[in-house]
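I opened the notebook to look at the inside of this protein. Two topics were on my list: nonpolar cores and cavities.

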Amino acid sequence: MIIFLFYGNSSPLVDQDEAAYAGFSRSMIETGDYLRMDFPYSTPHRKPPLHFWITSFFFQSLGVSEWILRLFPALCILGTSLLTYHLTNVMYGSRTALYAFSILSFSLYFPLNGKIALVDSLLVFFGMCGFVSLYHWIKFNKKRFVFLFWFSVSLGVLVKGPPILIFLGGTCVLLLSINQIRSQVWKLNPFLWLPVALLPLFIWGYLSWQKDKGELIRWMLDWYIFRRATDPVFGQSGPPGTYLMLFVVTIFPWTRIYLSFLYENGWKLIALLKTSGIGISKHLFPWNWKKEDYSFTSKRFLLLGLVFSWIFYEGLASKLPSYPLSAYPILSILLGDQLSRKHNQIYMYRIYITVALLMIAVLSFVIFPKFSEIRMDTKKIANQVQSIVPENVTLHSFGAHGIPSFAFYYHRPIKEITWEDLPKTEGYILISESDFQIWKGMGLGWESASDLFSVYAYDRNKYLNLRLIKARTP
């Protein structure tokens, strides 16, 4: 897994998120402003700042490159896999821990998050740190695990805001339904330690508000909370059950174990519904929990963890693949336990791990190099535009091109303009070919400064035909 995570990570940046994050981090170093997130084509990708601060530190210490950019996310994915092994070992023993580690580390989707520098790798690591700390606090009653739990929450909200509160906070609320551990969960003292954990986020938010009069914070509240609860983001939506089906693909080659897990637990749920009937709904209300006598088990802890790492996101209109990322370690433990109860578990494990290694080899030596070639477009075009536009001249950009990787490799001033600015803009403008023909036909004094650039926007599955023009006002 280590070789897979770190091999080939010098390939060109992935649009849009990764390139935008790289741009934010490098801009922070160059400007010395660690509150401002300003980079061309990257407005929708602004986040709380911890990921950018860490990347800036690595850039400043080790140099700016794609490999350095991806170093810490790869370490976070590796760390999450090791935490998964540790928790499984505590719960079920070393053999099941090996199965869980293998399912998580050698599946199709989860390790890829260590090869692209997104905030989700940090979020899943801090989320798993908090989840493991919570289990250890309940089982072993050591005060250091309370500190680790709230420290994980504090770092998690500085990475992406509410998701870690949804996951860990929601899990704690569900654990209150178990009489045996209710007092232990309350000893986490959320009314005291939650405000303390949120303090770094509030300090950053206050300083940011002072700097831009609240523009960034208001935008984040709208974009990441209000809008995502009701509307699809970037056109990615789906009905409830989307992730249930998606796991069939993303957990490959361990899909058969996943389907076996669903089959077994699906029948248990049906049997429970037949036995309890409509009366099962009363268990959903907190005021009835004291009447129930649930026992605390490792499996119940894991299943409750799935509710707010997976099931919750099935109800949202927006369906980004990264939303249920925190569910993968938990699901891997449950699937590892599922495999360990098979009579032919060793034989099955050998088959699955062989297929997984073959899949990783194909990805590493066939798929990734091909995808890397596609991503070379913006790097080549950036070099061509650099050779045309004088070094100290600002390049204007018209249209929502959505190619922050071009801006990163161009590494010179770019100013995005609107149609109102076009008639009065002088100098070099990067514009789509269709817009060039329309505005030139309207009599603007434009002349082509380059041949047509064709960029394959793989995130949108289409080609962008761009042209560099030199504009002069009448």
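My entries follow, with the cores before the cavity.

**Entry: the model.** I am working from a predicted model.

**Entry: the largest core.** I looked up the largest nonpolar core and found 136 residues in it. Which members touch the most other members? They are L175, L395 and F406. I then checked which element gives the most to this core. It is helix α7, residues 119–140, with 13 residues.

**Entry: L395.** I took L395 for a closer look and left out residues up to four places away in sequence. L395 touches V385, V389, F406, Y410, P413, I414 and K415. Its list of contacts also holds Y428, I429, L430 and L468. F406 therefore turns up twice in my notes, as a contact of L395 and beside it among the members that touch the most others, with contact meaning heavy atoms within 4.5 Å.

**Entry: a second core.** I noted a separate core of 10 residues. Among them are I417, I429, I431 and I469.

**Entry: the cavity.** How many cavities of 30 Å³ or more does the structure hold? I found one. The largest cavity has a volume of about 50 Å³.

**Entry: the lining.** I listed the residues that line the largest cavity: D15, I374, R375, D377, T378, I403, V455, Y456, A457, Y458, D459 and R460. Two or more of these residues come from each of α18 (376–388) and β5 (453–457). β5 gives the most, with three residues.

**Entry: classes.** I sorted the lining by class. Six residues are nonpolar, one is polar and five are charged.

Technical notes:
Residues numbered from 1 in each chain as written. Predicted model: local features only at pLDDT ≥ 70, side-chain atom pairs only at ≥ 80, totals over all residues. Heavy atoms only, no water. Core = buried A, V, L, I, M, F, W, Y, C linked by side-chain atoms within 4.5 Å. Buried < 20%, exposed > 50% of the residue type's maximum accessible area, 1.4 Å probe, protein only. Helix = DSSP H or I, 4+ residues; strand = E, 2+ residues; numbered from the N terminus. 1 Å grid on protein atoms, 1.4 Å probe; cavity = no way out; pocket = protein on both sides within 12 Å on 5 of 7 lines; lining within 4 Å. Points joined across faces, edges and corners; volume = space filled by probe spheres on them. Nonpolar A, V, L, I, M, F, W, Y, C, P; charged D, E, K, R; others polar.
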